[in-house]
Amino acid sequence: MAIDKELLEILACPKCKGPIELQEDGKGLTCDTCRLRYRIEDDIPIMLIDEAEEI
Amino acid sequence: MPTDPRETFSRSADRYLKSTDHRAGPDLETIRDAARRILPRVTLDVATGAGHALRVAAPFSAFCLAQDLTLEMLKVTREHLASVGIEGVSCIQSRADGIPVGDGCVDLVLCRIACHHFPSVPAFLGEVRRILSPEGILLLIDSLAPSDVDGDRFINTVERIRDPSHVRSLDREQWRDHIKGSGLRVKEEKKFERRHPFDEWVERVGLKGAGLRALEREFVEAPEHIKDQFHIEISETGQVLSYTDEKIIFVAGR
């Protein structure tokens with residue numbers, strides 16, 4: 001199971017509500033505006049600002 | 001201060017799947033009827049618990065998204081829905097007041113028996129207002145506190161003893177004010193009663209020892225008018241058997 005295309009179409013950064021992108025390795029989602037990376041665990045995006053990594 | 005709900009729900013996810021309080025109810029029929037009528041392109045279940053609301057909405061939804069603060073709950077939801085033949089539900093871990101979905105993307109937002117854990121109901125409703133599509137619908141179901149002071153104090157006290165992550169059950173006027181304040185409009189509302197067998201109610205959150213004894217005491221020593229108001233049943237040997245509270249269903253839109 002991977003991240004659904006439909007999910008990627010509606011997902012947004014929880015901080016700025018702007019677009020996010022799936023990393024090439026499929027292990028995280030990034031927001032270029034906030035410079036944050038949200039990890040994906042067991043195919044579930046962890047969209048918590050306080051658990052995101054700065055990039 | 002309420003505790004983080006993850007402390008309660010990460011260790012009790014399986015019990016919410018089996019819970020008779022959550023598996024059935026007239027509110028599930030309301031959800032099913034709304035989904036059948038709207039045929040949503042996107043359905044989002046906020047604080048999905050074990051996914052009972054999505055189980056009834058998914059057959060009428062093109063795409064379903066389960067949101068919860070607790071990763072363990074999302075895994076239970078995914079397994080639960082797959083076990084009843086509902087595949088392809090996506091899951092996200094997030095806060096209810098920080099929903100990671102773009103503006104106007106969701107046609108049906110569900111939130112069932114969860115708001116009383118949210119640190120800020122207005123912040124949650126503001127997010128719902130933001131993500132709902134122009135014709136989108138919010139179906140919100142939660143425990144309803146009585147409008148009298150004694151009843152409100154009793155139900156919020158026992159809920160907090162049982163589960164320290166309980167924030168507050170609101171009364172009808174407080175709910176209406178919050179929904180209106182968010183820019184949403186109540187289109188329909190209805191109440192229903194739910195009887196809670198005491199043992200299952202406390203076992204679901206793993207309450208034991210001094211906490212359990214304090215909770216039993218609240219019920220046994222409650223004034224008679226509170227016992228009547230909540231239909232508290234106590235056995236001849238002094239054991240708390242059940243109580244009954246009210247739930248409210250709000251249908252709201254932009």
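The following legends describe close-up views of a predicted model containing chain A and chain B.

**View 1. The interface of chain A and chain B.** The contact draws on 18 residues of chain A and 25 residues of chain B. About 1700 Å² is buried between the two chains, and carbon and sulfur atoms account for 63% of that area. On the chain A side, A:Ile10, A:Lys17 and A:Ile44 together provide 35% of the area that chain A buries against chain B, more than any other three residues.

**View 2. Polar and charged pairs across the interface.** Between chain A and chain B, 3 salt bridges are found. One of them joins A:Asp42 to B:Arg78, with 3.2 Å between the closest N and O atoms. The interface also holds 7 residue pairs in polar contact, with both residues of each pair at pLDDT 80 or more. On chain A, helix 1 (5-10) and strand 4 (44-45) each supply at least two residues of the side that touches chain B. Helix 1 of chain A gives the largest share of that side, 3 residues. Sorted by class, the side of chain A that touches chain B comprises 11 nonpolar and 7 charged residues, with no polar ones.

**View 3. The surroundings of B:Lys247.** B:Lys247 lies in strand 8 (residues 240-253) of chain B. This lysine counts as buried because its relative accessibility is 2%, against a cut-off of under 20%. The side chain of B:Lys247 is in polar contact with the side chain of B:Ser143, at 2.8 Å. Leaving aside residues up to four places away in sequence, B:Lys247 touches residues including B:Ile113, B:Asp142, B:Leu144, B:Phe192 and B:His196. Lysine and arginine residues are also among its contacts, namely B:Lys190, B:Lys191 and B:Arg194.

**View 4. The largest nonpolar core.** This core has 47 residues, of which B:Val46, B:Phe118, B:Phe124, B:Leu138 and B:Trp175 touch the most other members. Helix 7 (residues 121-131) of chain B makes the greatest contribution to the core, with 5 residues. In soluble globular proteins, nonpolar side chains tend to be buried together.

**View 5. B:Val46 and its contacts.** Beyond residues up to four places away in sequence, B:Val46 touches B:Ala96, B:Ile99, B:Val109, B:Leu110 and B:Cys111, among others. B:Phe118 and B:Phe124 are likewise among the residues that B:Val46 touches, as are B:Gln67 and B:Arg112.

**View 6. A second nonpolar core.** Separate from the largest core, a second core of 30 residues includes B:Leu54, B:Ala57, B:Leu81 and B:Ile113. B:Ile113 is also one of the residues touched by B:Lys247.

Note on methods: Residues are numbered from 1 along each chain as its sequence is written. Chains are lettered from A and ligands numbered from 1 in the order in which they are written. This is a predicted model: local features need pLDDT of at least 70, side-chain atom pairs count only at pLDDT 80 or more; totals for chains, interfaces and linings use all residues. Side-chain values use heavy atoms; hydrogens and water are left out. Contact means heavy atoms within 4.5 Å. Buried area is the accessible area (1.4 Å probe) that two parts lose on being put together, summed over both. A salt bridge is a side-chain nitrogen of Lys or Arg within 4 Å of a carboxyl oxygen of Asp or Glu. A polar contact is a pair of N or O atoms within 3.5 Å; within protein, one must be able to donate a hydrogen and the other to accept it, and residues adjacent in sequence count only if both atoms are side-chain atoms. Helices (H or I, at least four residues) and strands (E, at least two) are DSSP runs, numbered from the N terminus. Ala, Val, Leu, Ile, Met, Phe, Trp, Tyr, Cys and Pro count as nonpolar, Asp, Glu, Lys and Arg as charged, and the others, Gly among them, as polar. Buried means under 20% relative accessible area, exposed over 50%, partly exposed in between (1.4 Å probe, protein chains only). A nonpolar core is a set of buried Ala, Val, Leu, Ile, Met, Phe, Trp, Tyr and Cys residues joined through side-chain atoms within 4.5 Å.
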